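Q: Can you walk me through this one? I'm new to it, so keep it brisk.

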Amino acid sequence: MKLTVENGCFGYKKGEELLKNVSLEAESGELVAILGPNGAGKTTMLRCMMGFLKWRSGRSAIDGTDIRQIPARKLWKTVAYVPQAKNASSAFTAGEMVLLGRSGRLNAFAQPKQEDVEKADEVMERLGILKLKEKKCSEISGGELQMVLIARALASQPQIMILDEPESNLDFKNQLIVLETLSGLAAEGMICLFNTHYPAHALQRAGKSFLLCKDGTSFFGPTREIVTEETIRMAFGVNAVIGDVETPGNILRSVLPVSLIGESDASPVSRNGEVSRIAAMTVLVRDYRMAEKVNGLLHEHAGLVIGRMGMPYRRGEETVHIINLALDGSEREIYALSDAVGLLPGVSVKTTF
């Protein structure tokens, strides 16, 4: 099965284009993240994608068929939508809300069967919320309600699930439950798309990502190619660092926002066609012979050095040579120097831009 959006354009007002030529595709077994700043139109895009709003031009399709040509009952047997949890009717318990997800599989006026109740209980158990079954939706927290809405969608046994910021109101544990559930569903062959405010969640979970900017431009492709420091800067207006975090079981990509983009960022200095950066480098050397090699490397890269201070420090029987440097050059040049120094035996180096 394949879900596609082809050159979708939309605006609420005449002459306005909130979304411009939006295109993406997701196939069975794929988890796709949709990212962008507040106000960029992520929720609007989901509503257009499912036909709640009409594309001004372009279309959404399932296996090549425009969704507007698919009968509603057939469409909603295939697709499940999980909105943001904002409020809920006090008339329903959490268990009844989840059981509503089975309604698309029942004939008109038919009562739920035992197998429907069992399926609702099964998905609540999977999400760890079976204990909420008898509580009214008006009496549970926003995070708990979000989990109930996800369970309702799962109870319908869809082939495509679309979620609007499913982890935004959740604590760490429930965020992990949701992300693990989405990864599991994709591994079982479902198409899952989710809006998120967390680029790290996209990097850690999604094979593909769609990034939407406030000016309507967008990017789609493999997550590692789409979620980069450059595109985060462009879309969110912040400087961020993307790096690897090693855990006992895996190495995960993470994103750390470090600063707002200031006026000084607007016109970067160019050095040999590359952006010039200022950096501080600290070098610790325990072997005098290696200190001489460090000095040789610094001499080779003298054009980068704008300040330098060095001193030996006697620590018991050991002497540590400490070198502090101020550098001005392209990231490529500075990292090349940092890597060359760091490869020397017994030398520690840290560079901060």
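**A quick tour**

A: Sure. Start in the middle of a sheet: Ile162 has Leu193 as its bridge partner in strand 8. The chain gets from strand 7 to strand 8 (residues 191-195) by way of helix 6 (residues 172-187), and this β-α-β crossover is right-handed. One caution: this is a predicted model.

Q: Noted. In what sense do strand 7 and strand 8 pair?

A: They pair in the parallel sense, over four bridges.

Q: And which residue stands opposite Ile162 in the pairing of strand 6 with strand 7?

A: Tyr81 stands opposite Ile162. Strand 6 (residues 79-82) also pairs with strand 7 in the parallel sense, over four bridges.

Q: Are the faces of strand 7 covered or open?

A: Both are covered. Ile160 and Ile162 are buried on one side of strand 7 (residues 160-163). Met161 and Leu163 are buried on the other.

Q: Let's talk cores. Which residues touch the most other members of the largest nonpolar core?

A: Val98, Ile129, Val148, Met161 and Leu182 do. That core has 50 residues.

Q: Which helix gives the most to this core?

A: Helix 5 (residues 142-155), with nine residues.

Q: Take Val98. What is it in contact with, leaving aside neighbours within four places in sequence?

A: Ala120, Val123, Met124, Val148, Ala151, Arg152 and Ala155. Val148 is another of the residues that touch the most core members.

Q: What does the second core include?

A: Among its 30 residues are Val22, Leu46, Cys48 and Ile62. This core is separate from the largest one.

Q: New topic. What is the strand order in the open sheet with antiparallel pairing?

A: The order is 2-1-4-5, so to speak from one edge to the other. Four strands form this sheet. The edge strands are strand 2 (19-27) and strand 5 (65-66), and each pairs on one side only.

Q: How many bridges link strand 1 and strand 4?

A: Five, in the antiparallel sense. Strand 1 covers residues 2-10 and strand 4 covers residues 57-62. Cys9 has Ser57 as its bridge partner in strand 4.

Q: What lies across strand 1, strand 2 and strand 4?

A: Helix 1 (residues 42-49) does. Helix 1 runs at about 65 degrees to strand 2.

Q: Why is helix 1 described as largely enclosed?

A: Six of its eight residues are buried, so helix 1 is largely enclosed by the rest of the structure. The buried ones are Lys42, Thr44, Met45, Leu46, Cys48 and Met49. Leu46 and Cys48 also belong to the second core.

Q: What comes just after helix 1?

A: Gly51, which takes a positive phi of about 90 degrees.

Q: Now some single residues. Thr351: buried or exposed?

A: Thr351 counts as buried, because its relative accessibility is 19% and the cut-off for buried is under 20%. Thr351 lies in strand 17 (residues 347-352).

Q: What polar contact does the Thr351 side chain make?

A: One with the side chain of Ser338, at 3.0 Å. Not counting residues up to four places away in sequence, Thr351 touches Ala279, Ala280, Met281, Ile334 and Ser338.

Q: And Ile278, buried or exposed?

A: Exposed, with a relative accessible area of 57%. Ile278 sits in strand 14 (residues 274-285). Leaving aside neighbours within four places in sequence, Ile278 is in contact with Leu327, Asp328, Thr352 and Phe353.

Q: How far is Ile278 from Gly329?

A: Their C-alpha atoms are separated by 6.7 Å, and the two are 51 residues apart along the chain.

Q: Where is Thr223?

A: In helix 8 (residues 223-226). Thr223 is buried, with a relative accessible area of 4%. Its side chain is joined to that of Ser209 by a polar contact of 3.0 Å. Beyond neighbours within four places in sequence, the contacts of Thr223 include Ala202, Leu203 and Ala206.

Q: Last one: where is Ala91?

A: In the loop between strand 6 and helix 3 (94-99). Ala91 is exposed, with a relative accessible area of 59%. Ala91 and Pro312 are 75 Å apart, C-alpha to C-alpha, and 221 residues apart in sequence.

Notes. Residues are numbered from 1 along each chain as its sequence is written. This is a predicted model: local features need pLDDT of at least 70, side-chain atom pairs count only at pLDDT 80 or more; totals for chains, interfaces and linings use all residues. Side-chain values use heavy atoms; hydrogens and water are left out. Buried means under 20% relative accessible area, exposed over 50%, partly exposed in between (1.4 Å probe, protein chains only). Helices (H or I, at least four residues) and strands (E, at least two) are DSSP runs, numbered from the N terminus. Two strands pair if DSSP finds at least two bridges between them. A crossover is right-handed if, with the strands pointing away from the viewer, the path from the first strand over the helix to the second runs clockwise. A nonpolar core is a set of buried Ala, Val, Leu, Ile, Met, Phe, Trp, Tyr and Cys residues joined through side-chain atoms within 4.5 Å. Contact means heavy atoms within 4.5 Å. Axes are lines fitted to C-alpha atoms, for helices over the stretch in contact, and angles run from 0 to 180 degrees between N-to-C directions. A polar contact is a pair of N or O atoms within 3.5 Å; within protein, one must be able to donate a hydrogen and the other to accept it, and residues adjacent in sequence count only if both atoms are side-chain atoms.
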